[in-house]
Amino acid sequence: RMSDEVRRMGGRKIAIVTDPGLVGTGIIARLEELLNATGVQVSCFDAVEPDPKYEIANQAAEFTKGAEADLIVGIGGGSSLDIAKVASVLVTNSDPVSSYFGIDLIPAPGLPMILVPTTAGTGSEVTPIAILSDYSEKLKKGIVSSHLFPDAAILDPELTLGLPPAVTAATGMDALIHAVEAYTS
């Protein structure tokens with residue numbers, strides 16, 4: 001349960017990282033209510049977009065710092081989870097996000113983090129990878145670091161039930177493609 005994990009990690013001020021669509025479903029309001037009932041302070045950054053540009057990660061990190069959060073909860077699809085992961089390390093490291101594109105370039109661990117996927121496609125909640133878009137260079141760039149692993153992942157299949165059919169189909173194909181890619185590699 002979320003409240004058990006928050007308690008285990010000693011979270012007192014939590015920054016939720018998500019997208020506007022998920023806020024619109026009411027799931028985030030229920031999560032905030034659940035967490036507030038445990039006596040923690042909750043703030044929500046809800047500006048994650050599909051294929052997020054790295055500036056969104058910077059904004060999420062600034063929001064998290066401003067909220068004085070000691071724990072990040074990323075909830076949503078792969079974009080929200082990747083932004084939560086990158087924001088976590090941007091809070092505790094001083095270099096710009098662009099200096100971390102590549103492998104093992106993040107010097108220190110980030111804030112403790114719980115990731116909650118609402119789609120079946122990316123597996124971001126269990127990987128040390130975050131993908132961000134650099135629109136000026138028209139590229140997607142990856143950050144790979146053991147510091148991007150979450151401290152906990154909560155998988156609740158019921159969170160996928162309310163997705164629009166197109167999102168369910170796209171994320172299902174994403175999962176299948178990842179499996180085929182792993183098999184052929």
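**Exercise 1. Classify Glu49 by exposure, then do likewise for its salt-bridge partner.**

Glu49 has 24% relative accessibility, so it counts as partly exposed. The cut-offs are under 20% for buried and over 50% for exposed. The model is a predicted one. In it, Glu49 forms a salt bridge with Lys53. The closest N and O atoms of the pair are 3.7 Å apart. Lys53, at 29% relative accessibility, is also partly exposed.

**Exercise 2. Find the partner of Asp51 and say where each residue sits.**

Asp51 forms a salt bridge with Lys140, with the closest N and O atoms 2.8 Å apart. The pair links distant parts of the chain, 89 residues apart. Asp51 lies in the loop between β2 and α4, and Lys140 in strand β7. Now exposure. Asp51 is partly exposed at 38%. Lys140 is exposed at 54%.

**Exercise 3. Explain how Glu5 and Arg8 are placed in helix α1.**

Start with the contact: Glu5 and Arg8 form a salt bridge at 2.7 Å between the closest N and O atoms. They are 3 residues apart in α1, so about one helical turn separates them. An α-helix has 3.6 residues a turn, so residues three or four places apart point the same way. Arg8 is exposed, at 53% relative accessibility.

**Exercise 4. Identify the buried side of α4 and what covers it.**

List the buried residues: Ile56, Ala57, Ala60, Ala61 and Thr64. They span an arc of only 140° around the axis, so they lie on the same side of α4. The cover includes β1, β2, β3, α5 and β6. The face turned away carries the exposed residues Glu62 and Gly66.

Notes. Residues numbered from 1 in each chain as written. Predicted model: local features only at pLDDT ≥ 70, side-chain atom pairs only at ≥ 80, totals over all residues. Heavy atoms only, no water. Buried < 20%, exposed > 50% of the residue type's maximum accessible area, 1.4 Å probe, protein only. Helix = DSSP H or I, 4+ residues; strand = E, 2+ residues; numbered from the N terminus. Arc of directions from axis to C-beta. Contact = heavy atoms within 4.5 Å. Salt bridge = Lys/Arg side-chain N within 4 Å of Asp/Glu carboxyl O.
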